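Work through the following exercises with the sequence and the model side by side, and try each task before reading its solution.

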Amino acid sequence: MSVMIDSSTKLVVQGITGRDGSFHARQMIAYGTRVVGGVVPGKGGQTFDDSVPIFDTVAEAVEETGAGASVIYVPPAFAADAIYEAADAGVNLIVAITEGIPVLDMTRVIPFVAERGARLVGPNCPGLISPGKSKVGILPGQICEPGPVGVVSRSGTLTYEVIHHLTGAGIGQSTCIGIGGDPIIGTSFIDCLTLFEADADTRAVVMIGEIGGTDEQEAAAFVEREMRTPVVGFIAGQTAPPGRRMGHAGAIISGSEGTAKEKMEAFREHGIAVARRPADIVDLVKESLG
Amino acid sequence: MKIHEYQARRIFRDHGLPVPPERVAETPQEAEAAAREFGGKVVVKAQVHVGGRGKAGGVKLAQDPARARAAAEQILGMDIKGLEVGKVLLAPAVEIADEAYLGIIVDRSSQRPVLMVSAAGGVDIEEVARDTPEKIHKIEIDPRYGLLNHQAMALAFELYDDLSQVRAAARLFQRLYAAFGAVDASLAEVNPLIVTDAGELLAIDAKVTLDDNALFRHPELEELRDADSEEPAETEAREKGLSYVKLDGTVGCIVNGAGLAMATMDLIKYYGAEPANFLDIGGSSNPEKVVSAMRIILSDPNVESILFNIFGGITRCDDVANGIVTALKQLEVDVPIVIRLTGTNEKEALEILESVGLPATSSMDEVVQKAIELTKAGAR
């Protein structure tokens, strides 16, 4: 099994003719994702790569194809609108890859999406992959293998690094989810942990956090309170100075809050095995799988 | 993006907040002239992008223009937490009957703007939040409706008893929220918000942090950026589309992705050395970015070795390899370089690097250890 997406997921790509959208639409199709449509206003009626119909609106795309998921590759100035549109069109899952959406826009987007019963992953995220079944976003499919470990992370390439170690050690993944590096995101660690806990085939979870905010601390308390599935943790940013944004908009230590140290302590306190280096995650996962 | 107090005061004033007038001076002479203009007692305040100016001696009261000049002389050029003061703000001194804290932030947990007030004003609000959280009153603002009148009133009643002051404060909170939204702030703060001896509310300090993500729709605010307050290398990095933060160590690192970049810094520390920087070349694989990244890191005299840690996804390893080769031709590289590449087009990249005699590894731990060995301390 897997969470959020599987081989039945029908996906539309918002911004399918753009530089990133076209590249990753091809990658997703090659991986086996059911890309049933693209959306580009003004290009309705055209076809992408002679195989994927393009629509002017997400609503039309959903009506014609029955798509239940959408992935967004449009530039930051238009990305909030793209999320509103997807939610209004009735898709259940919206994955926003775009980096750089204004934070106040997200404070309005989040309740809008929630009221329409959709789930938003991201923004500023690499998307997700259920190895062997489907991938939505930009994660490189070739480093993944199907298996029993769920991965959830605020990062992109650091997640690839961890998946690479797992696959290299013969440990496959059920689903890998990049929830995004912004301060305000649609899907939290706790949301993903809840899904992994309910998934019979996910037998261990790797949670990769970083400096900034308190999501990891809240997730750690949730793990102890609600989960039987073992969780292995890693936190990036032990050497990050306070008050400086480390690339991700959300990766900033404000005053004394959000340090790697306090997050690692919260993990340990709540029974999460903490890896000191990415390479150490493998052994901890092996132990927890028994 | 941080802006200075004098810039934040102007934003607040434009939105109808009661902010006393100010002048900005870059020399003691200008400060004296400004003080003369105001007449009487003035406050002289360092304009730097750090908190705790008062404690550091960057805020002084002056009784007359001559003393304002002397105060400015002391403050200008002063080093506050590593930043040199280039400007001072002067404003008429006011008699303070009461001080409060007022601030709006974007709260990550509730995913909403949150308005906070506290009767414990004029002090470090973080300390208040840590030691006496019950002294802070908050309200989550639904951005679709804004700060409603009764919500503003309820918080104002936490600060004042006098009804006319409560009403004035509520109006002030709503105006602060309007200013916060208008400039896409991630923080807007008045500390302290005071009541004068005459019973009037005044915002005598102003702090605004702008959301970098929203600057594209506020070109006028981009001009408020103070290039003198950041490292020249950081300015160059920003202009080239790179995320760079200078640190104090000896091992330079160039990485794709923020999380992996932080994990690389941590691994340098794990193996006993200190990172010289955070640098994320981003998802694009433009070889030009690699050249810029190398130039920026080489401008740091503390750097004794440079490591690349590239996990190809969108970033293509061969593009990075081409960038490294170009950089070696264009720049005078006098420190050793070690390279880790894996992922998209790794094979092509290794061939490119091999053709110029640069070895590469596919392991992050290995490249970090090697980079440390090549520093002076590592060689010993």
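**Exercise 1. Decide whether Ala30(A) is buried or exposed, and state where Ala30(A) sits.**

Begin with the location: in this predicted model, Ala30(A) belongs to helix α1 of chain A, which covers residues 19-31. Next, count the neighbours, which gives 10 other C-beta atoms within 10 Å of Ala30(A). A residue counts as exposed if that number is 12 or fewer, and therefore Ala30(A) is exposed. As a last step, take the distance from Ala30(A) to Gly170(A), a residue 140 places away along the chain: their C-alpha atoms are separated by 23 Å.

**Exercise 2. Find what phi is for Asp49(A) and for Asp50(A), and decide whether each is buried or exposed.**

Start with the general expectation, which is that most residues other than glycine have a negative phi. Asp49(A), which is not a glycine, has a positive phi near 50°, and Asp50(A) likewise has a positive value, near 60°. Then place them on the chain: Asp49(A) is in the loop between β3 (47-48) and β4 (52-55) of chain A, and Asp50(A) is also found in the loop between β3 and β4. Finally, apply the neighbour count, in which Asp49(A) has 12 C-beta neighbours inside 10 Å and so counts as exposed, while Asp50(A), with 5 other C-beta atoms within 10 Å, is exposed as well.

**Exercise 3. Identify which peptide bond leading to Pro123(A) and which one leading to Pro192(B) is to be examined, and describe where each proline lies.**

Recall that most peptide bonds are trans. The bond from Gly122(A) to Pro123(A) has omega near 10° and is cis; Pro123(A) is located in the loop between β7 (119-121) and β8 (127-130) of chain A. In chain B, Asn191(B) and Pro192(B) are joined by a cis peptide bond with omega of about 15°, and Pro192(B) is part of strand β10, residues 185-196.

**Exercise 4. Describe how α11(B) packs against α12(B), and which residues meet.**

First take the geometry: helix α11 (residues 317-330) and helix α12 (residues 346-355) of chain B pack at an angle of about 15°, and their axes are 7 Å apart. Angles under 35 degrees count as roughly parallel, so α11(B) is roughly parallel to α12(B). The crossing of α11(B) past α12(B) is right-handed. Now list the residues, among them Val320(B), Ala321(B) and Val325(B) from α11(B), which meet residues of α12(B) including Ala349(B), Ile352(B) and Leu353(B). Sorted by class, this contact of α11(B) with α12(B) contains 7 nonpolar, 1 polar and 3 charged residues.

**Exercise 5. Work out how many residues of chain A and chain B are in contact, and then examine how α5(A) packs against α9(B).**

Across the two chains, 42 residues of chain A are in contact with 43 residues of chain B. On the chain A side, α3 (76-88), α4 (103-115) and α5 (157-168) each supply at least two residues, and α4(A) gives the most, with 5 residues. The chain A side that touches chain B is made of 21 nonpolar, 14 polar and 7 charged residues.

Turning to one helix pair, α5(A) and α9(B) pack at an angle of about 65° with their axes 5 Å apart, which means that α5(A) is roughly perpendicular to α9(B). Thr157(A), Leu158(A) and Glu161(A) of α5(A) make this contact with Gly259(B), Leu260(B) and Ala263(B) of α9(B). These residues divide into 3 nonpolar, 2 polar and 1 charged.

**Exercise 6. State how many residues the largest nonpolar core has, and which residues have the most contacts inside it.**

In soluble globular proteins, nonpolar side chains tend to be buried together. The largest nonpolar core has 159 residues, and those with the most contacts inside it include Ile72(A), Ile83(A), Val206(A) and Leu279(B). Helix α9 of chain B (residues 258-270) contributes the largest share of this core, 8 residues. To look at one member, leave aside the neighbours of Ile72(A) within four places in sequence; its contacts then include Ala79(A), Ile83(A), Ile94(A) and Val95(A). A second, separate core has 43 residues, among them Ile11(B), Phe12(B), Leu155(B) and Phe173(B).

How values were computed
Residues are numbered from 1 along each chain as its sequence is written. Chains are lettered from A and ligands numbered from 1 in the order in which they are written. This is a predicted model: local features need pLDDT of at least 70, side-chain atom pairs count only at pLDDT 80 or more; totals for chains, interfaces and linings use all residues. Axes are lines fitted to C-alpha atoms, for helices over the stretch in contact, and angles run from 0 to 180 degrees between N-to-C directions. Helices (H or I, at least four residues) and strands (E, at least two) are DSSP runs, numbered from the N terminus. Angles under 35 degrees count as roughly parallel, over 145 as roughly antiparallel, 65 to 115 as roughly perpendicular and the rest as oblique. A crossing is left-handed if the near helix is turned anticlockwise from the far one by less than a right angle, and right-handed if clockwise. Two residues are in contact if their C-beta atoms, placed from the backbone, lie within 7 Å. Ala, Val, Leu, Ile, Met, Phe, Trp, Tyr, Cys and Pro count as nonpolar, Asp, Glu, Lys and Arg as charged, and the others, Gly among them, as polar. A nonpolar core is a set of buried Ala, Val, Leu, Ile, Met, Phe, Trp, Tyr and Cys residues joined through C-beta atoms within 7 Å. A residue is buried if 20 or more other C-beta atoms lie within 10 Å of its own, exposed if 12 or fewer, and partly exposed in between; C-beta atoms are placed from the backbone.
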